[in-house]
Structures are given as C-alpha cells and as structure tokens.
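User: Please take a close look at one part of this model for me, and then show me how that part sits within the whole chain. I am new to this, so explain the terms as you go.

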Amino acid sequence: MKESLILITVCLSLTLQAQINTVIDSLKQELSQSHDSDQMFAIYDELVTEWAETNFDSANYYADKMSVLARQIGKPPLIAKAFLRKGTAFDYFSKFDSASFYYRQSLVYSTTNQDSVGIANAVFSLAIVSQLQGNNSGAIDLYLQAEKMFKVLHDDRRLSRLYNNLGAMYRKTEQYDAAVQVFEHSLRLKEKLKDEKGILNTSINLAVLYTFSGRYLEAAVLSNKNLELARHLKRSNDEISVLISMGVIFSKDENTVNRNLQSALDYLLRAEVLLDEKSPVALKAECWVNLAACYETLGSHNLASKYLDKLALVFENLSPEAKISYYKVKVNQQLVAGNSKEAFSFLKLQTEAETKLISQKLKEKAQDLQIRYETEKKERLIAEFEVQQHKNSLDRITSSNQRMLLIAISIGLFVISGLIYFQFKQKQKSNTLLTDKNAVIENALHERETLLKEIHHRVKNNLQIISSLLSLQSKSLSDSAAQGAIAESRNRVKSMSLIHEQLYQEDTISGVQMNDYINRLVSSLSSSYGLDTERVNLRIEVENILLDVDSAIPLGLIVNELVSNSMKYAFPEQRTGSILISLKDTASELLLLVKDNGVGMDASKNSNQSFGLSMVNSLMRKLKAEMTIISQAGTSVEITIKDFKKITLA
C-alpha cells in the first residue's frame, strides 16, 4: 500500500494549459480596464492563485503587486492577505522557510488588527508547511488551533480540507482511530458542499485506512463507490489506485471474501491494463508487487517471476515497503524450490530492509518528540507520547517477525514431508542414497534453526537501538520526572530484549525458560535502580516453566512493572526488608506473586505509576488474568493467569 494517504496527481495536458492561459488572459484584460483599488486587489489575488502551481516568478510578481496596493489602500486585512499570498507562491515551489516567514508576517498583522479570518487562514497555512517539513506534532497542534477558528467562522470548505490533512497526520503518527474519525468528518462536509474531487480524495484515503486497520468490508464498499466516482471524473490514476486497493482487500480479507485471490487478481490485472508510460513509478510498483505476491501464493511461479523482473528494472525507485514485499516473494519462491541458501540470502536482505525502515521511523519519531519538547516544554506529555510510540513500534516488530517465523516453519515442514514421501516411493534406491538424503534433511533443519536464531538476534538488536534512542533522549532532558519515565521505558524494552537474547543464545529457540529469564530480569532491575541487596533481600521462587514467546513477553512486562514498583517505593529512607517473586504452574493456571514487606501502596505518592499500572491491566486482558492487591504489612500483588501456552520438549 502507499505509505502516504494524500494522492497528488499532476497531469499538465495541452488542453488544461490552454484553459489556464485563457483564464489568465481574461484576468489581465479585466485588470487593464479596472480603476477600483479593491477590485484590482481581488484580481491580483486570483492571478497569484492561477500562477501558483506552474510559474513561481509570475505568482511572486503579482503577490508583490498585492502588497504594494494593500499598503496604498491602508487596510490591515489586505496587507495580511498579501503576505499570505506571498507565502503561497513560495509554498507551491517547496521553499518552505520563505513560505513560513510570510505566513507568520500575515499572522502578526491579522492578530494585531483582530482579524479572525486572517488569523485562521495564516494558522492553517503554517500547519500545511509544518506537515510538508515533517514536523508532525507541530502540524497537528496548528491544525487543531485552526479547526477551532474555522468552526467559529462556520467555514465548512476550509474545515473539509483541514480534516483531510489532519487525518493524514494522525495516520502518519499511528493514531488510527483519530484518523478514521476526522476523515469521515471531512467526507461528510465535502458531500454537503458537493465537492466531488474532494470527496474522491478523502474517500480513497479513508478506504486505504480501513484496509490497513483490517476493516475490509467497509473498505470494499467504499472502494466500489470510489471506482465509480473516479471514472465519472475521468481521473485515470485515481481509478488505477482504487483498483489496486480492491485487489489488496480481496487478497488480505479472510472473513468477508474468504481470501479470494482470483478476485484480487482480476482487480490488479484491470489496474495493469490502465497503466501507461505516464503513470507514476510508485503506482506501477504497487500494482506489480501485489500481482507477484498473488501469483506466487497461487503457485504460478513463472507469472510471479514476470512481475518480479519488472520490479527489478525500477528497483532503486521503489519505496521501502515495496522492496520488502519484493524480498518476501523471492524468499517464498526459493523455499518452494528447495533453495534454502538463496532463500536465506533474500531473507537477510528483507530483514535488513525492515530494520532500516523501522530505524528511520524511530529516528523520525525521536526528532519529532525533541521538537515538541523544545516548543511546548511539556515534559510529562513527551514521556508518555514517546513510550506509547515505541511500544507500538515494538508490537509491530514482534508481530511481523512472529508471522515470518510461522511461515518459515510451515514451509520447512512441507519440504520435509515432501522429502520423506519421496524417499518412501523410491524404495529401490540403495541405503547409501537414503543416508545421503537424511543428511540433507538434517542440514536443512540446522540452516532453518540458524535462520530463526538470526531473526531473534536482529529483533534483540532492534530493541537495543530503541534503548539507545531512549538513552540519548534522556541525556537531553533536565526534568527528573521525564528522565524517570524514560528509564522505566528502557527497563520495559530490556525485559523484551532479554527474551529474544535467550532465544538466540540457547538450544531451545521455540520457548522461554522463565526461571532463568526472571532471575536475569530481576538482576537487571536491581542494577538499574541501584538496589542495596544487603538492605533489601530478593527471593526468587520460579518453577522451571517453558513458555512460548507470546505468553512470555506480556508476563515479563508485568513482572517488570511490579518489581520496579517495589524497588522504587517499598523501602524509602534506608528501610530494610525483602521482596518475593514467585511463579507457579498449577497445570490450568499460572500463579504470579510479587510481595514486599515495605511501607505499602500509597496512591498519593505513586501517581507516576499510572501508566505502568494501566499497561499491566492491558497485558492482563491479553493473558485473561485476574489480579488481587493486598496492602497490609507491605504490598502483595497476586495474579492468576488463565491464557498461556507452555512448550513441551520431546
């Protein structure tokens, strides 16, 4: 799918250019016959608008004319509007620093003269520039300010555009529920205004977001409407994009269309027919990579290779997401063909591309948080925002790698079964040949085990990168509360990193040995908080339980939060005491107990734990767990876990 939800299609045909020239000639003729200052100012305004997309010099020239005339007339609102149009000329040609300067000048004049319309327009324009410059949090805040102003002014047209842009920002910052809400609001306003082009733009954005969120039925219904509207408006690239989206919906939805790959192929092939030399490379790549994936899934390897060859010709121009999809299909082809070494090579390239993309996103998020901190100085909000963003990134990393592991294991089992069946049918072959085949199978199993360990190693490295980013962020903060929040985040990352480190270092890569893991986790927390073990005795009574990764990660995070709370709050002012961490298996349930004999829980002093306890409650829901807290002669937290998966060794 396209990473960006805003579809911008630039088609400068001779007919369109002739229409623009006709409008400009008409305005110039009207200008030569006008002697009214206000009318001349309005004509200059229209000329800037007409020239803005095609000729910077002409747009800038008429913006200067507006400025001179506005000062002659002496009306502050006109001076503010002249500055706004000057910024527009720079804005359309990506000269964002100059555009921001003139937009701010417009804002100053409008504010000084209490011009509410001018203020709203200037703030809206500054929001667009911030969005184009990649200042996500700044853009969102400016859009929200402009929203309040346009509501007061009852300017539905501006609001419809604002909500479309705001939805794109929420999508980029992974606030998906908020994105759906504002896209739907934009759509309702555009339908009220009968703005067909605007309706198509926002509807495509919304359909893509529905697909991304797994709301396939809603995405399919909306995409069918979009297809009709794109044809009605004769917008070829939009029609291609919608057809590709329909193909993606049918290839991914397992509930409403039963993963109908043939229907997906029909839509994708219809999109391919509409592609031509003028079609954007990104649009072609999106079509080809989805066709390759569909054909490969259906077993049509030659047809899949045909589209992979096309992608190879434009590989350097592909988006990171398209490159990752390309590698995934290549991995599958090589595994099906039994070429494990080639499959491993492509899987390494895929993992490197995913790591690079994740690192870039994390870097952008870190920079965005730094901007937010410097401009607003809201330390607590920054810490919470950063933790949430990194948690989402970690969830995606874990989910993606688990899917990759399952696919690799399934294909591996298929290959092994095929080899066994082949040997059974070839009884006439000698014992020597049978021995050789068994050796091949053992080698393949060893290579797959190496591959799985490599994946866990890379996940651990990604988590260390996140921990390093948090450490760098902490060094730039002076507020102790913010530093504490980031330190807690690093401990949470460490708790997950230990799991993947254990998986790639030990022979059992399918499960986590909880006794060893919790001992290492508690030791790490003790070191992190500088706990005096001579003063506070740590007792760890954990049975030898082997859990799968999906059960171990949330359980580890829960232990991290509860033990951290005891270490931080239970023994102030050099008090002595003990902390007990116990995990027992009763066959049907796991019983986790974290108990200390400290000062007991005090909500008024531990308000900073609100995020941690909220996260514990969320993780408990995933494990279908129940918690009992007793704050008497210390604090005792007992959690009964019902939804977990143990690993049984053969």
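Analyst: **A close look at S582 and its surroundings**

Setting aside residues up to four places away in sequence, S582 touches E541, L591, L592 and L593, where a contact means heavy atoms within 4.5 Å. Before going on, note that this is a predicted model, in which local features need pLDDT of at least 70, side-chain atom pairs count only at pLDDT 80 or more, and totals for chains, interfaces and linings use all residues. Residues are numbered from 1 along each chain as its sequence is written, and side-chain values use heavy atoms, with hydrogens and water left out.

S582 belongs to strand 4, which covers residues 577–585. Helices (H or I, at least four residues) and strands (E, at least two) are DSSP runs, numbered from the N terminus. With a relative accessible area of 5%, S582 is buried. Here, buried means under 20% relative accessible area, exposed means over 50%, and partly exposed lies in between, using a 1.4 Å probe and protein chains only.

Now step back along the chain to Q574, which sits in the loop between helix 22 and strand 4. Q574 has a relative accessible area of 60%, so this residue is exposed. Its phi is near 60°, a positive value in a residue that is not glycine. You can find another example at A633, whose phi is positive too, about 55°, although A633 is not a glycine. A633 lies in the loop that joins strand 6 (625–630) to strand 7 (635–641), and counts as exposed at 70% relative accessibility.

Helix 22 deserves a look as well. Two packed helices are described by the angle between their axes and the distance between the axes. Helix 21 (residues 514–528) packs against helix 22 (residues 549–569) at an angle of about 35°, and their axes are 10 Å apart. The axes are lines fitted to C-alpha atoms over the stretch in contact, and angles run from 0 to 180 degrees between N-to-C directions. The crossing of helix 21 over helix 22 is right-handed: the near helix is turned clockwise from the far one by less than a right angle, whereas anticlockwise would be left-handed. On the helix 21 side, the residues that meet helix 22 include Y517, L521 and L525; on the helix 22 side, they include L555, V559 and V563. Sorted by class, the contact between helix 21 and helix 22 has 11 nonpolar, 4 polar and no charged residues. In that count, Ala, Val, Leu, Ile, Met, Phe, Trp, Tyr, Cys and Pro are nonpolar, Asp, Glu, Lys and Arg are charged, and the others, Gly among them, are polar.

How does this fit into the whole? The chain has 650 residues, of which 48% count as buried, and contains 23 helices and 7 strands. Its largest nonpolar core has 115 residues, and L47, Y143, L162, I244 and L311 have the most contacts inside it. A nonpolar core is a set of buried Ala, Val, Leu, Ile, Met, Phe, Trp, Tyr and Cys residues joined through side-chain atoms within 4.5 Å. Among the contacts of L311 are W288, V289 and Y326. Apart from that core lies another, of 40 residues, including L557, L590, V616 and I639.

For a comparison outside our chosen part, try A230 in helix 11 (residues 216–232). A230 is buried, with a relative accessible area of 0%, and touches L200, R235, D238 and E239 when neighbours within four places are left aside.

Finally, check the confidence. pLDDT is the predictor's confidence in each residue, from 0 to 100. The chain has a mean pLDDT of 78, and 73% of its residues reach 70 or more. Residues 1–19 stay under 50, and the model has 28 contacts for them beyond four places in sequence. The stretch 604–608 is also below 50, with 3 contacts beyond near neighbours in sequence. Where pLDDT is low, the predicted coordinates should not be read in detail.
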